[in-house]
Amino acid sequence: MVEIRSPSVRRGWSESARARASEIVGQYPEPRSAVMPLLYLAMAEEGYLTDNGMREVASLVGLTPAQVRAVASFYTMYKRDDPGRYLISCCTSISCMLLGSDEVLRAIEDESDVTAGETDPEELISVEHVECIGACGGAPAVTVNYELIEGMTAESARELVRWLRTARPEAIVGAECQELFGGRRSFDWGPFDRDSALGPYPAFGPLGTVSGPAEDQDG
Amino acid sequence: MSAPSIVTDRMTRHPSDSHTLERYLETGGYQALAKALEMAPDEVTGEVKAANLRGRGGAGFPCGLKWSFLAPSKPAYVVVNGDESEPGTFKDRQLMERDPHQMLEGTIITSYANGANHAFIYIRGEYPRSARRVQQAVEDAYAAGYLGSDILGSGFDLEVTVHLGAGAYICGEETGLLNSLEGRRGEPRLKPPYYPAAKGLYMQPTIVNNVETLANVPWIIENGGEAFAAIGPDGSRGTRLFSISGHVRRPGNYELVMGLTWRELIYEVAGGIPGDRALKCWIPGGASAPWFVPDDHLDLPVTLDDTAKAGSMLGSGAVVIMDETTCTVRATERLVRFFAHESCGQCTPCREGCSWLERILRRIEEGAGREVDVDMLLDISDNISPGLAWPPRMTTICPLGPSAVSPILAITSYFKDELMAHIHQGGCPFD
């Protein structure tokens, strides 16, 4: 293992993140396979993918930081610039485009004063346009921190931005956002799902990025 | 149409809890697994072969045949392709969110048939709800003894790992997916020699199957391959989930027996076009598929073979409907932009060609197009996909580059007038 000297102070991961990291590595026959989930874990630890995070991942799976960076740079969801607390991703692929996604994106950019690909100075809201997110039956669709809202309009998109600005929710509950701002869905989602995203990375339990039901948090 | 419902039956009848283990068991779940575990592994493969189940991910390869190609060396792996990202497609999301145990039971049976003791479920990163529900199903299945050691006392062991992608369409290509699962860039591998059945995950024999394909497996084991093969026309057996989107009254996923016509699919199943506007064209099988137009294709049967004969494919089952208000140049630009963005960059014709096509199309749409641009579009397309043939002749490792050519073929053949109008008027006639 190559020892890396970093000019910045090396922030260590939390105990719980380290425990989770070894669980994740243990799920694969070869440690290298854990690189992708560990990169998400790194984002959950520090809010985005830092050089420090990539070094941690490298040391956990026995790669060099350059090898880890080569992997991370291939995938759009590993954010190497600090995004805002809320990442609004607006689909502008074919099915959403046919039903008005360009107007939805313009409304988001206008209301947030953030151009796609940018983050506001307060680091509250980032906006991006993305390729198909598999919500074509409920087009046009957006995600906030990867939680889906289907059946958007330019007006509901403005309301969504205003709500994020004023309510500043701790976590994004997808089902709640759909009820507040969404319309037609691709299909019946089933029961209300309280799982929520804690930051601009997908809310998936094993990565430590899901908050449970609100009542459990209180307990 | 009275379609037998195979993969959407449970979620239709029990919308409030079709994803739970309790409901799954109450509706006959995991009985196919119990039955399969009492059969010899090749008997299980035999049933799937008899079913004539063709892959639901895009290529339509016969599933049982794929299994029979698996090399004998151990360990072998099963990988579930839940990296659904072909524009227009949202069916596997519904199967994973609404009935994860069905897909999981299919995965366990497939692993048993192929002698795999570790299966991976690769779910696209933009589907966190799918990942959560599948993960919950996996945990519940472990707790109930359907996963882990000595499953149902059979001596068969299986571990399952749920793996999240991170926003790369190319990982839906099976060898790109395997690289991704190994913790690498999701660049496709050259076939031969890297056929997954011989040299797959960690260079070991690997079965890669789509979510919907595997969701059909429990029904096939329970009812027998012959019963499945009795549904639908020759070459397109069973049912199929169609994701219908765009300009229709009732977009959504529909489980259909193939063999109906496109007219029936668009006007009856999906309710026709809002405002009774005229149908202009449609994409019959995801962004990669060459387009269909009403004059030539509306009364063709919706089957894999009829669609292939007409020069396109059912692909991922995504049908995107465009009405008369659609600017086909803009639609093409949007589709080609997708492929330019998602090109992994390994092969020059795709990496360079797709982004040139995108830039030329944008120039035309924005009013700066020149007549020579039409020839350039075709020339670049010919470099990516020699002869502009269907199915494409490949100059690239995987079919992504040639897919970008499909919409170019549509606008240069069916909608050339519209393309020229953009150039001559110096702008988009639909603006």
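Two strands are said to pair if DSSP finds at least two bridges between them. With that in hand, let me begin in chain A of this predicted model, where 2 bridges join strand β7, residues 196-197, to β8(A), and the two strands run antiparallel. Within that pairing, A197(A) stands opposite V210(A) in β8(A). These strands belong to an open sheet of 3 strands in chain A, which has the order β6-β7-β8 and antiparallel pairing. Because β6 (172-173) and β8 (210-211) of chain A stand at the edges and each has a single partner strand, one side of each is left without a neighbour in the sheet.

Let me stay with chain A and turn to another strand, β1, which covers residues 86-91. Are the residues of β1(A) buried or exposed? The strand is mostly covered, since 6 of its 6 residues are buried. It helps to remember here that in a regular strand the side chains alternate between the two faces of the sheet. In β1(A), Y86(A), I88(A) and C90(A) lie on one side, while L87(A), S89(A) and C91(A) lie on the other, and with all of them buried, both faces of the strand are covered.

As for its partners, β1(A) pairs in the parallel sense over 6 bridges with strand β3, residues 125-130 of chain A, and in that pairing Y86(A) stands opposite I125(A). β1(A) also pairs with strand β4, residues 142-144 of chain A, this time in the antiparallel sense and over 3 bridges, and there the bridge partner of S89(A) is T143(A).

Next, the helices of chain A. Two packed helices are described by the angle between their axes and the distance between the axes. Helix α6, residues 101-112 of chain A, and helix α7, residues 154-167 of chain A, pack at an angle of about 30 degrees, with their axes 8 Å apart. Angles under 35 degrees count as roughly parallel, and that is why α6(A) is described as roughly parallel to α7(A). The crossing of these two helices, α6(A) and α7(A), is right-handed. Which residues of α6(A) and α7(A) meet? From α6(A) come E103(A), V104(A), A107(A), I108(A), E111(A) and S112(A), and from α7(A) come A154(A), A157(A), R158(A), V161(A) and R162(A). Sorted by character, the residues of this contact between α6(A) and α7(A) are 6 nonpolar, 1 polar and 4 charged.

Now we cross over to chain B, where 4 strands form an open sheet in the order β6-β5-β8-β7, with mixed pairing. β6 and β7 (279-283) of chain B stand at the edges with a single partner strand each, so one side of each has no neighbour in the sheet. On average, and with direction ignored, neighbouring strands of this sheet are turned by 30 degrees against each other. At one end of the order, β7(B) and β8(B) pair in the antiparallel sense over 4 bridges, and I283(B) stands opposite V320(B) in β8(B). Elsewhere in the sheet, β5(B) and β6(B) run antiparallel and are joined by 6 bridges, while a hairpin of 5 residues connects β5(B) to β6(B).

The strand β6(B) deserves a closer look, since 6 of its 6 residues are buried. G252(B), Y254(B) and L256(B) point one way from the strand, and N253(B), E255(B) and V257(B) point the other way.

Let me follow one of these residues, G252(B), which lies in strand β6 of chain B. Why does G252(B) count as buried? The cut-off is 20 or more other C-beta atoms within 10 Å, and G252(B) counts as buried because it has 23 C-beta neighbours inside that distance. Its bridge partner is I244(B). Leaving aside its neighbours within four places in sequence, G252(B) is in contact with I244(B), and also with G137(A), S186(A) and F187(A) of the other chain.

Those contacts bring us to the meeting of the two chains, where 56 residues of chain B are in contact with 49 residues of chain A. Several elements of chain B each supply at least two residues of the side that touches chain A, among them α8 (128-143), β5 (239-246), β6 (252-257) and α16 (328-342). The largest share, 6 residues, comes from α16(B). On this side of chain B, the residues divide into 19 nonpolar, 24 polar and 13 charged.

Methods: Residues numbered from 1 in each chain as written. Chains lettered and ligands numbered in written order. Predicted model: local features only at pLDDT ≥ 70, side-chain atom pairs only at ≥ 80, totals over all residues. Contact = placed C-beta atoms within 7 Å. Nonpolar A, V, L, I, M, F, W, Y, C, P; charged D, E, K, R; others polar. Axes fitted to C-alpha atoms, helices over the stretch in contact; angles between N-to-C directions. Parallel < 35°, antiparallel > 145°, perpendicular 65-115°, else oblique. Left-handed = near helix turned anticlockwise from the far one by under 90°. Buried ≥ 20, exposed ≤ 12 C-beta atoms within 10 Å, placed from the backbone.
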